[in-house]
Amino acid sequence: MIEFDNLTPPANGERIEKENGRLVVPNYPITPVIEGDGIGRDIMKATRRVIDAAVETSYGSDRRFVWFDVFAGEIANEKYGEWLPADTFKAIDYFRVALKGPLTTPVGGGFRSLNVTLRQKLDLYACVRPVRYFQGVPAPVTHPEKMDVVIFRENTEDVYAGIEWAQGTSEAGNVIEFLRTQMDTEVRADSGIGIKPISIFGTKRLVRMAIQYAIQHNRRSVTLVHKGNIMKFTEGAFRDWGYEVASEEFPHETITEDEVYSQHNGQAPEGKVVIKDRIADSMLQQILTRTDEYDVIATPNLNGDYLSDACAAQVGGIGMAPGGNIGAEAALFEATHGTAPKYTDKDVVNPSSLILSAVMMLEHIGWQEAANLAIQGIEKTIIQKRVTYDLARLMDSATSIRTSAFASAIIENFSN
């Protein structure tokens with residue numbers, strides 16, 4: 001067992017292991033959990049109740065999560081004088097699968113983002129965002145049910161790598177001078193400078209994961225979203241390297257969109273995953289106007305940030321959108337929204353994003369029966385119009401209930 005500075009793991013659980021690239025999940029996995037700041041306390045309590053009940057209903061006493069509270073954000077700063085203690089990184093890395101509420105990013109220095117720091121330090125290179133519609137949720141589009149995509153967003157590169165220098169600093173000046181004297185490129189002297197790295201390694205492992213997911217889940221296509229018409233050697237290269245992964249590593253399982261039209265009259269052969277690409281600005285339009293033509297999406301970081309929220313808006317907003325950050329060794333599932341501090345401890349906010357993220361965690365470890373049950377409970381509760389205020393105010397004849405009551409209603413609907 002790994003040693004921690006200030007934490008003691010539960011004694012009544014076991015570590016998730018990994019053999020030949022696959023998780024080996026014990027019946028009582030020790031699972032680190034970061035409660036989160038602001039509304040994190042309310043939505044994490046609700047989530048743990050729902051997930052524990054789904055597991056118990058599905059498997060009786062044969063399986064359960066052994067939650068291991070670890071710390072980040074405001075509570076970590078209060079307890080230890082630091083926003084992200086080393087113990088937290090150790091716990092997630094060692095126990096492999098973790099759940100996290102929303103975190104405040106400190107203002108005025110320090111970490112650029114606690115969420116980004118966790119992803120990068122743990123090399124959780126794929127931000128996975130499934131976006132689908134739940135019947136009864138108010139949505140701004142005519143046919144929200146057409147949305148059913150899974151977005152794989154690269155987490156560690158692109159502009160989110162954080163390689164930048166402020167205007168007026170000697171570092172920015174040195175880069176500008178280097179570009180002028182060594183690269184024959186003029187940049188205005190009063191500029192801030194940022195570097196946008198996109199690598200073969202980072203691209204291929206992300207696209208590989210997206211294609212593997214599409215194959216395993218019988219998805220129709222993987223779309224590479226990029227701005228390669230302008231940024232030819234970064235985002236254009238992302239596109240090219242993505243096609244290389246498909247042709248070199250999955251030649252029997254995939255087919256390009258061009259081949260579908262040139263060799264198969266526009267009809268993809270049965271069992272083949274179609275690999276295609278779209279320019280990012282065009283994709284933001286097409287995901288609205290031709291929603292059901294898209295399935296799995298792989299994209300660099302910034303495009304994925306925009307696209308994830310745009311897709312979530314079509315099905316009712318990020319309050320209904322789950323997320324997971326997955327790497328080769330560990331995975332961290334988290335709510336996709338912020339801390340909403342004005343609602344702290346008021347027991348009124350919608351916990352669906354975090355509950356659905358925990359459902360992703362159940363699916364990740366192979367506890368599909370419990371995942372299905374939790375989805376069933378959420379769907380039935382929303383159809384019954386027993387929802388938190390954010391949904392109730394947009395629905396006719398809805399009953400507005402508290403966060404804790406919403407969790408109770410979901411659990412109640414396991415047996416209905």
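# Exercises on Burial and Helix Packing

At a relative accessibility of 4%, Leu391 counts as buried. The structure is a predicted model, and the exercises below are worked on that model.

## Exercise 1: The surroundings of Leu391

Determine where Leu391 is placed and which residues it contacts beyond its neighbours within four places in sequence.

Solution.

Step 1. Leu391 belongs to helix α13, which covers residues 389-392.

Step 2. The cut-off for a buried residue is under 20% relative accessible area. Leu391, at 4%, is therefore buried.

Step 3. With neighbours within four places in sequence left aside, Leu391 is in contact with Val137, Pro138, Met320 and Asn350.

Step 4. A separation along the chain may also be set beside a separation in space. Leu391 and Leu179 are 212 residues apart along the chain, and their C-alpha atoms are separated by 52 Å.

## Exercise 2: Phe4 and helix α3

Establish whether Phe4 is buried or exposed, and describe the burial of helix α3.

Solution.

Step 1. Phe4 lies in the segment before β1 (17-19). Its relative accessibility is 12%, so Phe4 counts as buried.

Step 2. Not counting residues up to four places away in sequence, Phe4 touches Pro9, Phe68, Asp87, Lys90, Ala91 and Phe95. The C-alpha atoms of Phe4 and Ala86 are separated by 8.6 Å, although these residues are 82 places apart along the chain.

Step 3. Helix α3 spans residues 86-95 and is mostly covered, with seven of its 10 residues buried. These are Asp87, Thr88, Phe89, Ala91, Ile92, Tyr94 and Phe95.

Step 4. The buried residues of α3 pack against β3 (30-34), β4 (66-70), β5 (97-100), α4 (114-121) and β15.

Step 5. After α3 comes Arg96, which has a positive phi near 80 degrees.

## Exercise 3: The packing of α1 against α11

Describe helix α1, and find how α1 and α11 are oriented towards each other.

Solution.

Step 1. Helix α1 consists of 20 residues, 40-59. From its first C-alpha to its last it reaches 28 Å, close to the 28 Å expected at 1.5 Å a residue. Gly60 follows α1 and has a positive phi near 65 degrees.

Step 2. Buried residues of α1 include Ile43, Met44, Thr47, Val50, Ile51 and Val55. An α-helix has 3.6 residues a turn, so residues three or four places apart point the same way.

Step 3. Two packed helices are described by the angle between their axes and the distance between the axes. For α1 and α11 (residues 352-364), the angle is about 40 degrees and the axes are 9 Å apart.

Step 4. An angle under 35 degrees would count as roughly parallel, and one of 65 to 115 as roughly perpendicular. The helices α1 and α11 are therefore oblique to each other. The crossing of α1 with α11 is right-handed.

Step 5. On the α1 side, the contact is formed by Ile43, Met44, Thr47, Val50, Ile51 and Val55. On the α11 side, it is formed by Leu354, Ile355, Ala358, Val359 and Leu362. Of the residues in this contact, 10 are nonpolar, one is polar and none is charged.

## Exercise 4: Thr381 and the packing of α12 against α14

Locate Thr381, and find the orientation of α12 relative to α14.

Solution.

Step 1. Thr381 is placed in helix α12 (residues 368-383). Its relative accessibility is 0%, so Thr381 counts as buried.

Step 2. Not counting residues up to four places away in sequence, Thr381 touches Arg386, Phe406, Ala409, Ile410 and Asn413.

Step 3. The axes of α12 and α14 (residues 403-412) are 8 Å apart, at an angle of about 115 degrees. The two helices are therefore roughly perpendicular to each other, and α12 passes α14 in a right-handed crossing.

Step 4. Ala374, Gly377, Ile378 and Thr381 in α12 meet Phe406, Ala409 and Ile410 in α14. This contact comprises five nonpolar residues, two polar and no charged.

## Exercise 5: Positive phi in two loops

State the phi value, the location and the burial class of Asp347 and of Lys385.

Solution.

Step 1. Asp347 is a residue other than glycine with a positive phi, near 55 degrees. Asp347 lies in the loop between β15 (331-335) and α11, and at 19% relative accessibility it counts as buried.

Step 2. Lys385, also a residue other than glycine, has a positive phi near 60 degrees. Lys385 is found in the loop between α12 and β16 (386-387). With a relative accessible area of 30%, Lys385 is partly exposed.

How values were computed:
Residues numbered from 1 in each chain as written. Predicted model: local features only at pLDDT ≥ 70, side-chain atom pairs only at ≥ 80, totals over all residues. Heavy atoms only, no water. Buried < 20%, exposed > 50% of the residue type's maximum accessible area, 1.4 Å probe, protein only. Contact = heavy atoms within 4.5 Å. Expected span 1.5 Å × (residues − 1). Axes fitted to C-alpha atoms, helices over the stretch in contact; angles between N-to-C directions. Parallel < 35°, antiparallel > 145°, perpendicular 65-115°, else oblique. Left-handed = near helix turned anticlockwise from the far one by under 90°. Nonpolar A, V, L, I, M, F, W, Y, C, P; charged D, E, K, R; others polar.
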